[in-house]
Amino acid sequence: MNNFIFKEECYRIIGACMEVHGALGPGFMEAVYQEALEIELNTSGIPFTREAVLDVYYKGKVLNKKYVADFVCYDDVILELKALDVLRSEHMAQVLNYLMASGKRLGLLVNFGSASLEYKRVIL
């Protein structure tokens with residue numbers, strides 16, 4: 001457990017997500033959780049950028065197409081939110097694409113749609 005990258009940062013981010021899920025429960029649209037989480041991240045003193053635009057490169061050139069991550073926390077951790085019954089492999093692939101495009105090493109995929117908060121660490 002000691003070799004996890006951004007361990008303390010992830011602990012704080014997941015704690016903020018748990019606070020939101022505990023207050024709202026499952027059943028809302030993703031946009032509701034995103035807005036509530038913005039409030040919770042501010043309250044918790046976690047630095048973040050909401051709807052962070054990520055450049056995509058091809059052979060060293062920036063493409064016109066951009067990715068938009070729900071949040072980038074601590075300038076290093078991509079946070080992607082979902083409000084679904086279950087996470088699927090395409091959701092993990094989405095976070096991996098964000099990591100490859102941004103050059104960041106860690107993403108958190110968080111699902112507010114289930115009875116218990118579900119999250120996965122995605123490492124590049």
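Me: A residue is buried under 20% relative accessible area, exposed over 50% and partly exposed in between (1.4 Å probe, protein chains only). Why is Tyr 67 called partly exposed?

Reply: The relative accessible area of Tyr 67 is 26%, a value that lies between the limits of 20% and 50%, so partly exposed is the class that applies. The model is predicted, so local features need pLDDT of at least 70 and side-chain atom pairs pLDDT 80 or more, whereas totals for chains, interfaces and linings use all residues. Residues are numbered from 1 along each chain as its sequence is written, and side-chain values use heavy atoms, with hydrogens and water left out.

Me: What makes Phe 48 and Phe 71 an edge-to-face pair?

Reply: Rings of Phe, Tyr and Trp (its six-membered ring) pair if their centres lie within 6.5 Å; planes under 30 degrees apart are stacked, over 60 edge-to-face, and the rest tilted. The ring centres of Phe 48 and Phe 71 are 5.6 Å apart and the planes stand at 75°, so both conditions are met and the pair is edge-to-face. This pair links distant parts of the chain, with Phe 48 in strand S1 (residues 48-58) and Phe 71 in strand S2, 23 residues apart. Strands (E, at least two residues) and helices (H or I, at least four) are DSSP runs numbered from the N terminus.

Me: Why does Phe 71 count as buried?

Reply: Its relative accessibility is 0%, so Phe 71 falls in the buried class.

Me: How do you know that the pair of Tyr 67 and Tyr 98 is tilted?

Reply: Their centres are 5.1 Å apart and their planes make an angle of 50°, which is neither under 30 nor over 60 degrees, so the remaining class, tilted, applies. Tyr 67 belongs to strand S2 and Tyr 98 to helix H3 (residues 89-102), 31 residues apart, and the pair thus links distant parts of the chain. Tyr 98 is buried, at 6% relative accessibility. The whole structure holds four aromatic pairs, and ring pairs join Phe 28, Tyr 33 and Phe 112 into a cluster.

Me: Why is Val 53 called exposed, and what does Val 53 touch?

Reply: Val 53 has 55% relative accessibility, so it passes the limit of over 50% and is exposed. Val 53 lies in strand S1. Contact means heavy atoms within 4.5 Å; leaving out residues up to four places away in sequence, Val 53 touches Lys 66, Tyr 67 and Val 68.

Me: Why is His 91 called buried?

Reply: His 91, in helix H3, has a relative accessible area of 11%, so it is buried. Apart from residues up to four places away in sequence, His 91 touches Lys 82, Leu 84, Val 86 and Leu 109.

Me: Tyr 74 and Asp 75 are both in the loop between S2 and S3. Why is Tyr 74 placed in one burial class and Asp 75 in another?

Reply: Tyr 74 is at 18% relative accessibility and so counts as buried, whereas Asp 75 has a relative accessible area of 59% and so is exposed. Each has a positive phi in a residue other than glycine: near 55° for Tyr 74 and near 60° for Asp 75.

Me: What makes a set of residues a nonpolar core, and which elements supply the largest one?

Reply: A nonpolar core is a set of buried Ala, Val, Leu, Ile, Met, Phe, Trp, Tyr and Cys residues joined through side-chain atoms within 4.5 Å. The largest has 22 residues, and Ile 13, Leu 37, Cys 73, Leu 79, Leu 108, Val 110 and Phe 112 have the most contacts inside it. Two or more residues come from each of H1, H2 (30-44), S2 (61-73), S3 (77-82) and S4 (106-111); H1 gives the largest share, six residues. Beyond its neighbours within four places in sequence, Val 110 has contacts that include Ile 14, Cys 17, Leu 79 and Tyr 119. A second, separate core of 11 residues includes Ala 52, Val 95, Leu 99 and Val 122.
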